[in-house]
Amino acid sequence: MQWQATHGRNHLPWQQTRDPYRVWLSEIMLQQTQVSTVLGYYQRFLDAFPDVVSLAAASQDEVLALWSGLGYYSRARNLHRCAQAVVQEWGGAFPRTAEELATLPGIGRSTAGAIASFCFSERVPILDANVRRVLTRVLAFEADLAQARNERLLWEHAQQLCPTANLTEAMPRYTQGMMDLGASICVPRNPGCLVCPLQPACRAGRAGNPENYPVKTRKLKRSSASWWLLLGVDAKGQVWLRKRPGAGIWAGLYSPPVFESYAELQRFAHAHWSAADGAWRELPPFLHVLTHKDLHLHPVLVPVDKASGAIVSEAEDACWASAGIWDGLGLPAPVRKLLDSEFRR
Ligand code: SF4
């Protein structure tokens, strides 16, 4: 805690408040995303939705549009559902214990611990990836965290190590200190043991083998897929976008229609747009990396003569969009980049 006060991060916008709405918003955004990226999104979100009631009242499209580019869109959908649950089930005030917070959509045990300790000084730990690394090293915790009982055991250790006095000040400081240590000193490769305040107590640091921790055997299975993106473009340079289904990759976001083969794309374009093959243009394919999947994207530009029967433009949740329109839609980051580079005029 002393180290946090002098060497930790103390000036981030969400640290200047104990408002659970702001702390929750920052915690969700910080999952899998760097602080420097979150800063801008956090402020734009607060400008648009200053409190949980305004966020709950927004449409999912508005929320996804503001989230656009942060990735992991299930976070945004859960954020919205969580705001609605807080308003409908908790009268607009976040519950004050980690146990209750963890019942809300998108709030796992660690995020619940962060909100409860930062905002309500509850004596509960967090165990995100950074803190997990610090703790397993300090304790030389060799058990495989792929097994649930070992994970539970680590939570118990984490609980016991929480401060026991002056919790109002101590809990937020301790929680932030653990996060900061994991983010800045006890990093995955070449941790800074020589300048670490935990060095005297750290078993892995003393043994000189911190990189052996944490132990987790299960590896993420990666897969890959190829998607063809049909960029139907009208004479005004507008692109046809439609909303994706509510589940799966890019759920609920707007995108050009996606097909698993060029032949499928062709069938769709011919069926709906009477588009002549001659004017089609295949743009350079590119790779988009998701957590579990490599997406090989193949954009195909198809000029559409709307007068010749562009019937799909009438479909629900679809539109012909120029830059001014797609700026306000929730788009997957690679699609936004593609549209901006090809069609922004
Ligand atoms: S001494 Fe090294 S391994 Fe131990 S907590 Fe500090 S940085 Fe991590």
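Where does the ligand sit? In this predicted model, the ligand occupies the largest cavity. Let me begin with its surroundings and then move outward to the loops and the salt bridges.

The shell around the ligand contains Arg137, Val138, Ile185, Cys186, Pro191, Cys193, Cys196, Gln199, Cys202 and Pro210. Sorted by class, eight of these residues are nonpolar, one is polar and one is charged.

Two backbone features deserve attention next. Asparagine 190 belongs to the loop between α11 and α12, and its phi is positive, at about 50°, although the residue is not a glycine. Is asparagine 190 buried or exposed? Its relative accessibility is 66%, so asparagine 190 counts as exposed. Alanine 140 likewise has a positive phi of about 50° without being a glycine. The setting of alanine 140 is the loop between α9 (129-139) and α10 (148-161). With a relative accessible area of 25%, alanine 140 is partly exposed.

A further backbone feature is found at proline 214, in the loop between α12 and β1. The peptide bond leading from tyrosine 213 into proline 214 is cis, with omega near -5°.

I turn now to the salt bridges. How many salt bridges does the count give? The count comes to seven, and I shall present three of them. As a general point, side chains of opposite charge can pair when their charged atoms come close.

The pair I take up now joins the side chains of arginine 189 and glutamate 211, with an N to O distance of 3.6 Å. This pair links distant parts of the chain, 22 residues apart: arginine 189 is in the loop between α11 (167-184) and α12 (203-207), and glutamate 211 is in the loop between α12 and β1 (223-233). Arginine 189 is exposed, at 58% relative accessible area, whereas glutamate 211 is partly exposed, at 37%.

Next come arginine 222 and aspartate 294, whose side chains meet in a salt bridge at 2.6 Å, N to O. Why does this pair tie together parts that are 72 residues apart in sequence? Because arginine 222 lies in the loop between α12 and β1, while aspartate 294 lies in strand β7, residues 293-303. Arginine 222 has a relative accessible area of 42% and is partly exposed. Aspartate 294 has a relative accessibility of 22%; since buried means under 20%, aspartate 294 counts as partly exposed.

The remaining pair on my list is arginine 281 with glutamate 342, where the closest N and O atoms are 3.9 Å apart. Here strand β5 (residues 281-282) contributes arginine 281 and helix α15 (residues 333-343) contributes glutamate 342, a link between distant parts of the chain that are 61 residues apart. Both partners are partly exposed: arginine 281 at 43% relative accessibility, and glutamate 342 with a relative accessible area of 32%.

Finally, I come to phenylalanine 94, located in the loop between α6 (74-90) and α7 (98-101). Its relative accessibility is 7%, so phenylalanine 94 counts as buried. Which residues is phenylalanine 94 in contact with, leaving aside its neighbours within four places in sequence? The contacts of phenylalanine 94 beyond those neighbours are Pro20, Tyr21, Trp24, Val52, Val86, Leu101, Leu104 and Phe120. As for glycine 328, its C-alpha is 29 Å from that of phenylalanine 94, and the two residues are 234 apart in sequence.

Terms used. Residues are numbered from 1 along each chain as its sequence is written. This is a predicted model: local features need pLDDT of at least 70, side-chain atom pairs count only at pLDDT 80 or more; totals for chains, interfaces and linings use all residues. Side-chain values use heavy atoms; hydrogens and water are left out. A salt bridge is a side-chain nitrogen of Lys or Arg within 4 Å of a carboxyl oxygen of Asp or Glu. Helices (H or I, at least four residues) and strands (E, at least two) are DSSP runs, numbered from the N terminus. Buried means under 20% relative accessible area, exposed over 50%, partly exposed in between (1.4 Å probe, protein chains only). A residue is near a molecule or strand if one of its heavy atoms lies within 4 Å of it. On a 1 Å grid over the protein atoms alone, a cavity is a set of points where a 1.4 Å probe fits but cannot get out, and a pocket is an open set with protein on both sides within 12 Å along at least five of seven lines; lining residues have an atom within 4 Å of a point. A molecule sits in a cavity or pocket if more than half of its atoms lie within 2 Å of its grid points. Ala, Val, Leu, Ile, Met, Phe, Trp, Tyr, Cys and Pro count as nonpolar, Asp, Glu, Lys and Arg as charged, and the others, Gly among them, as polar. Contact means heavy atoms within 4.5 Å.
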